[in-house]
Protein chains: 2
Amino acid sequence: MNYCPHCAAPVIVETPEADNRPRSICTGCGRIHYQNPKMVVGCIPVCDERVLLCKRNIEPRKGFWTLPAGYLECNETTEAGAIRETLEETGVVVTELQPYRLFDIVHIAQIYLMYLARLQTLAFHATEESLEVRLFVEKDIPWSVIAFPVIEKALQHYFADRLHNDFPFRQDQITETIRTRY
Amino acid sequence: MNYCPHCAAPVIVETPEADNRPRSICTGCGRIHYQNPKMVVGCIPVCDERVLLCKRNIEPRKGFWTLPAGYLECNETTEAGAIRETLEETGVVVTELQPYRLFDIVHIAQIYLMYLARLQTLAFHATEESLEVRLFVEKDIPWSVIAFPVIEKALQHYFADRLHNDFPFRQDQITETIRTRY
């Protein structure tokens, strides 16, 4: 941030009085502009023994496989956001959403909330955001071309929990940076 | 947002191509400035049969009772944020944090993540942010002067779960606006 979004004066980065962190402070109107982590919401869409993955049609990691997920918007619940993202990326509606994993990704200031969900229909298809949308059994998951560490971990947790057919909500951290294996 | 934080040109609100929501778009450099919900992290600090509450020393709702909670910062995990907020507001460190409730508050674009936690010591005290910090047994909770509906609901859920000594993670929504019973 270079300029104040309210009055267009330059901002400086300083720790305000009665605060303990540097913030962007406007040199004109004095407003403090806070920056906070963003929430990403998505799901693991399940159909029998299979999981629905999307091949990304958008950078970063275009051509790599991922679970449907994206930034939470201001006018929706986290569950509604996960349903919307899945619809946008796969063309299908998911139901029976159950909170499954919360991943802290501190180095990119993102919090991922992943639900378990069921496919309402099998009418999924390629979309503007996905080159290909496909169901995978565990042995066919394309582990070497998964888009992001958080997606890899969510899938690993899911298949591990499936051994016991018990899917408790848990929290974990992702500390890896995005791999660049293009 | 009136001006672009990057180049200081005026912004307009329009739906970008390949998007379906109005965004703030810079008329100079063309950057799109997204706005997303903020995460609030906090806890229900428990000691035996009692819960620790803080009387707010900050507007809004100065003088009303609350649980320790505040905005998640960019360089911390949600659990670290809940511990930090509790320390800032009560002077004590909490341990054994367990994710307990996620509340969607769509009308103010906030997501509350509340943990259950134990007090490490009883050395809590008034702070810059809290006029008073006190342990309450259930029958003494000052229900009529709780600061926010989300705090009231978190406490109600906790006492309901305590009847069965079972505290599963669950998600809920807050649709009330902040009451103004000053």
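**Exercise 1. The hairpin**

Task: In the hairpin of strand 8 and strand 9 of chain A, how many residues lie between the strands, and which residue takes a positive phi?

Solution: Go to the turn of this predicted model. The hairpin of strand 8 and strand 9 of chain A has four residues between the strands. Ala109(A) is the one to look at here, with a positive phi near 55°. Next, follow the two arms: strand 8 of chain A and strand 9 of chain A (residues 110-119) run antiparallel, joined by nine bridges. To fix the register, find Thr95(A), which sits opposite Arg118(A) in strand 9 of chain A.

**Exercise 2. Another partner for strand 8**

Task: In which sense do strand 8 and strand 11 of chain A pair, parallel or antiparallel?

Solution: Start with strand 11 of chain A, which covers residues 170-173. Its pairing with strand 8 of chain A is parallel and spans four bridges. For a landmark, use Arg101(A), which stands opposite Arg170(A) in strand 11 of chain A. Now check the surroundings of strand 8 of chain A (residues 94-105): nine of its twelve residues are buried, so call this strand mostly covered.

**Exercise 3. Where the chains touch**

Task: Which element gives the largest share of the side of chain A that touches chain B?

Solution: First size up the contact: chain A puts in 30 residues and chain B puts in 30 residues. Then list the elements of chain A that give two or more residues to that side: strand 4 (38-47), strand 8 and strand 11. Strand 8 of chain A comes out on top, with three residues. Finally, sort the residues on chain A's side by character: 16 are nonpolar, nine polar and five charged.

**Exercise 4. Relating the two copies**

Task: What turn and what shift lay chain A on chain B?

Solution: The turn is 180° and the shift along the axis is 0.0 Å, with an RMSD of 0.0 Å. The two copies are therefore related as by a two-fold rotation axis. Now compare the surfaces they use: 100% of the contact residues of chain A recur in chain B, so both copies use the same surface.

**Exercise 5. Domains and confidence**

Task: Where do the domains of chain A lie, and what does the model score?

Solution: Chain A splits into domain 1 (1-35) and domain 2 (38-173). Taken over C-alpha atoms, the centres of these two domains of chain A are 36 Å apart. For confidence, start with chain A: its pLDDT averages 95, and 97% of the residues score at least 70. Then take the scores of the model, ipTM 0.94 and pTM 0.95.

Technical notes: Residues numbered from 1 in each chain as written. Chains lettered and ligands numbered in written order. Predicted model: local features only at pLDDT ≥ 70, side-chain atom pairs only at ≥ 80, totals over all residues. Least-squares fit on C-alpha atoms with pLDDT ≥ 70 in both. Contact = placed C-beta atoms within 7 Å. Buried ≥ 20, exposed ≤ 12 C-beta atoms within 10 Å, placed from the backbone. Pairing = 2+ DSSP bridges. Nonpolar A, V, L, I, M, F, W, Y, C, P; charged D, E, K, R; others polar. pLDDT = per-residue confidence, 0-100. Domains from an automatic or database assignment.
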